[in-house]
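Trainee: Could you walk me through one part of this chain up close? I'd like to look at the largest nonpolar core and see what sits in it.

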Amino acid sequence: NPTLVNVFAKRLGLTPEETLRPTHPEIMIAYGAALSLDGMFAGNSSWYMPKHYLDLLENPELRAHLQASSDGPLFFESEEEHLAFNERHQLPEFTPYVPQKSETVHAYLGIDSGSTTTKFVLMDENENILDSFYAPNEGDPLTVAKTALLTIHDRYEKAGAKLDIIAAGTTGYGELLFSKAFSTECHVVETVAHARAADKYIKDATFILDIGGQDMKAIWIDNGIITNIVVNEACSSGCGSFLENFASSLHIPVEEIAEAAFSSKHPASLGSRCTVFMNSSIVTEQRNGKQSADIMAGLCRSIIENVFTKVIRISNLDSLGDKIVVQGGTFRNDAVLRALEQYTGREVIRAPYPGIMGAIGMALITKEQYHAEQKQTFIGLDALDSFSYKRESNLPCPFCTNLCQRTIVTFSNGNSWITNNRCERGEILGDPKDAKVREKIKEVNKESSAVPNLFEVREKLLFEDYP
């Protein structure tokens, strides 16, 4: 990396003459090993043809010796066990609704803006799913969603039908971003949306595990009430993007991950490690003779180990209850699902539409919260064609001396969304000298002062007769 070399030289104050960069720095160690043959190993001269080394590497006895010491358990002990698993977790086939000519189809729109993917569903008054969408964000989730919605809109127009969005709701990482962009009637935190969707299809669930692209959510439920929530705080090594990245490096297509893992006769034991250290473990296992399928099997298991050792951290699996529900795009992978069953020693229930459960929950909540007399705010599918937005970064907040750098996204519907603000005042736009802006600042300051100072509370607890 020439830029890295230049930065390194500049930091050390080196001149171009003092900056030594070999022609092939990536093979320096192998080059040194070759040079050492005439020095350190001069007395061990031997001649081999390349075919001899290939024969050594393909020796089945060598491979068996290397693999035997670190094999994990097989995913299935018999073909019958595999068939029973497939039958138990078969996902329903989904066919989008085909509109009829001159028909007006009324639907609720639920959008789940995830960390790596954007999902949405269209749901009718009877809670039937009319259509759905699931795709990578590609760095621009708003444009991805806009394009997909316009595609559905065009399909209805070509059929001579009309698609009417009664109301729309948003959830996920981009909950507020999408709500401001599309002027939706509703938005809720994603854990609530996921719990609502699970309740529609699986009654009396006691525990929900959702694994997405870069996060995971563990939700405990008692009689339909959420009693506890745990999410991963930083590391995404137990999530979908982690698995996809390693699958790519092993030249295994995402849709073939489970097939590869199930085909392994010598699954690797990789444990639960972060991405950086997992690379090291994989290299070690490959040196021990593990093949790509063996590594993939180990990675699918490592996701589940990561869930229980770094996120949930429970010693007694009985606390999960009798009805464990799993969802999220990662659980479309049968190998991850099977790894969870083996880890817990019990059968679990996979949601019927694992990748879009957040969007389904959002559509259900929107349907329940929106009323006919309520003003419709969604910009509508016709307006999406001209929808656009502008993003401005590193804009200083003028409402205190900290001058925090904000990012402001302005949408064509007149709404704005502010991020990177460090306090509530950063959510205000306008000139500090403007009377209306000053009034908003007063309201924010008043709300902030209503929150008790933790130091003062502590002093009272220590020194006063506090009940």
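Mentor: Let's start with the secondary structure: this predicted model has 17 helices and 13 strands in its chain. The C-alpha trace spans about 90 × 65 × 65 Å along its principal axes. Of the 467 residues in the chain, 41% are buried. Take the contacts between residues at least 6 apart in sequence, and you'll find that 65% of them join residues at least 24 apart.

Now for your core. The largest nonpolar core holds 47 residues, and the ones touching the most other members are L209, L299 and F331. Several elements each bring at least two residues to this core. On the strand side, they are β6 (207–211), β7 (216–222) and β9 (324–327). On the helix side, you have α9 (240–249), α10 (257–263), α11 (275–287), α12 (292–312) and α13 (334–344). The biggest giver is α12, with 12 residues in this core.

Let's zoom in on L209. Leaving aside residues up to four places away in sequence, L209 touches K217, A218, V307, V325, V326, Q327, F331 and L340. Spot F331 in that list: like L209, F331 is among the residues that touch the most other core members.

Don't stop there, though. A second core, separate from this one, has 31 residues, including L109, L122, F133 and V409.

To finish, step back to the outside. The chain's accessible surface comes to about 27,100 Å², and carbon and sulfur atoms account for 53% of it. As for charge, there are 44 positive and 62 negative side chains, with the centres of the two sets 6 Å apart.

Definitions and conventions:
Residues are numbered from 1 along each chain as its sequence is written. This is a predicted model: local features need pLDDT of at least 70, side-chain atom pairs count only at pLDDT 80 or more; totals for chains, interfaces and linings use all residues. Side-chain values use heavy atoms; hydrogens and water are left out. Helices (H or I, at least four residues) and strands (E, at least two) are DSSP runs, numbered from the N terminus. Buried means under 20% relative accessible area, exposed over 50%, partly exposed in between (1.4 Å probe, protein chains only). Contact means heavy atoms within 4.5 Å. Accessible areas come from the Shrake-Rupley method with a 1.4 Å probe; for residues, only the protein chains shown count as cover. Lys and Arg count as positive and Asp and Glu as negative; His and the chain ends are not counted. The place of a charge is taken as NZ of Lys, CZ of Arg, CG of Asp or CD of Glu. A nonpolar core is a set of buried Ala, Val, Leu, Ile, Met, Phe, Trp, Tyr and Cys residues joined through side-chain atoms within 4.5 Å.
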